[in-house]
Amino acid sequence: MFLLSLARIIKFSIQDIFRNIWLSIVTVTIIILALFSVNILLVVQVMSNAAISAVKEKIDISLYLKSDSGEEKIMALKVKVSNMNNVQEVKYISQAEALEFFRKKNEDNPEIMQALRELGANPLTPSLVIRPKNTALVNELINELNRIDDDIIESRNFTDHKLMLSKINSITDKASKVGIFVSIIFILITLLVVYNSIRVSIYTHRREIAVKRLVGASNSFIYLPFLFSSLIYSLVGVIVVVIVFYPFLSLLQPYLDSFFIGFDINIISYFNENFIKIFGLQFIGVSIINILASLIAVKKYAKV
């Protein structure tokens, strides 16, 4: 009996959707736009997190040492710096390693390579490259390093990345606010469209509803087809968004690869790995919104 009732509810719901096909298309389109804006917001968030991680990976502090520094003194200084609270890693780069890295970096520049050959000697100095644990406390670490008074330190390079991180955060915050605002607008429009769609459907079926009440049909049997329609709208909307959004990600990925050179930022892999979580939550969220709008409309207009 239950399965028979459920089959009838699904049948009435699908019939209602196709009877008001243009209204159904408009409803699904609004849902698609709402979900698309939410996913764009998610992409912006993932990209901003990737950009911040990329900048953080580049944050380091270099202590350049005198060429004639003894190995024991260098190792003693390395241990001293490693013991500081906000130091994650200290890497020692010898003169030979510095020269090799410099050559690889400038191998496409014949003028620099020629000047290096004419110079004959290694002009570079050994160094200690320091990576901080917490990028928010870089200034405190710099102050600590400045207080080190060691005669083997020739110079210090403290590149300030905080301005870049601040700009990325600022752009992300603005993009997120715009995205949230657009998403809220689409959600409100979705509520109104679904509400009006169900209202029109109820008006179209007012005679059928009256007959059902005359023969003793329960409220749930009358209401459920309209609520089930809202679930179908949600499901179709999510499926279409998945079909449309992945080609969009494929077009976006080459730009990310060229922007984040040297970093493995794959937005398609992110969506693949979190597919059920992302689109499952979106389906649940949209379904709740649609059922809420449908329930309000049914309660108000289905009292035939």
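This section describes a nonpolar surface patch and the aromatic pairs of a predicted model.

A nonpolar patch on the surface is formed by Ile-14, Phe-18, Ile-21, Trp-22 and Ile-25. Together these residues have about 540 Å² of accessible area. Two helices, H1 (2–19) and H2 (21–58), each supply at least two residues of the patch. The contribution of H2 is the most, at three residues. Phe-18, one of the patch residues, is placed in helix H1. The relative accessibility of Phe-18 is 58%; because exposed residues are those over 50%, Phe-18 counts as exposed.

Eight aromatic pairs are found in the structure. A pair of aromatic rings is described by the distance of the centres and the angle of the planes. For Phe-245 and Phe-271, the ring centres are 5.4 Å apart and the planes lie at 50°. Planes under 30 degrees apart count as stacked and those over 60 as edge-to-face, with the rest as tilted; the pair of Phe-245 and Phe-271 is therefore tilted. This pair links distant parts of the chain, with the two positions 26 residues apart in numbering. Phe-245 belongs to helix H9 (residues 219–259), and Phe-271 belongs to helix H10 (residues 267–273). Both Phe-245 and Phe-271 are buried, whereas Phe-18 of the surface patch is exposed.

Phe-245 and Phe-271 are also members of one aromatic cluster. The cluster further includes Phe-36, Tyr-246, Phe-248, Tyr-270, Phe-275 and Phe-279.

Terms used
Residues are numbered from 1 along each chain as its sequence is written. This is a predicted model: local features need pLDDT of at least 70, side-chain atom pairs count only at pLDDT 80 or more; totals for chains, interfaces and linings use all residues. Side-chain values use heavy atoms; hydrogens and water are left out. Patches are made of residues with over 30% relative accessible area and no salt bridge: like charges are joined within 9 Å, nonpolar side chains (Val, Leu, Ile, Met, Phe, Trp, Tyr) within 5 Å. Accessible areas come from the Shrake-Rupley method with a 1.4 Å probe; for residues, only the protein chains shown count as cover. A salt bridge is a side-chain nitrogen of Lys or Arg within 4 Å of a carboxyl oxygen of Asp or Glu. Helices (H or I, at least four residues) and strands (E, at least two) are DSSP runs, numbered from the N terminus. Buried means under 20% relative accessible area, exposed over 50%, partly exposed in between (1.4 Å probe, protein chains only). Rings of Phe, Tyr and Trp (its six-membered ring) pair if their centres lie within 6.5 Å; planes under 30 degrees apart count as stacked, over 60 as edge-to-face and the rest as tilted.
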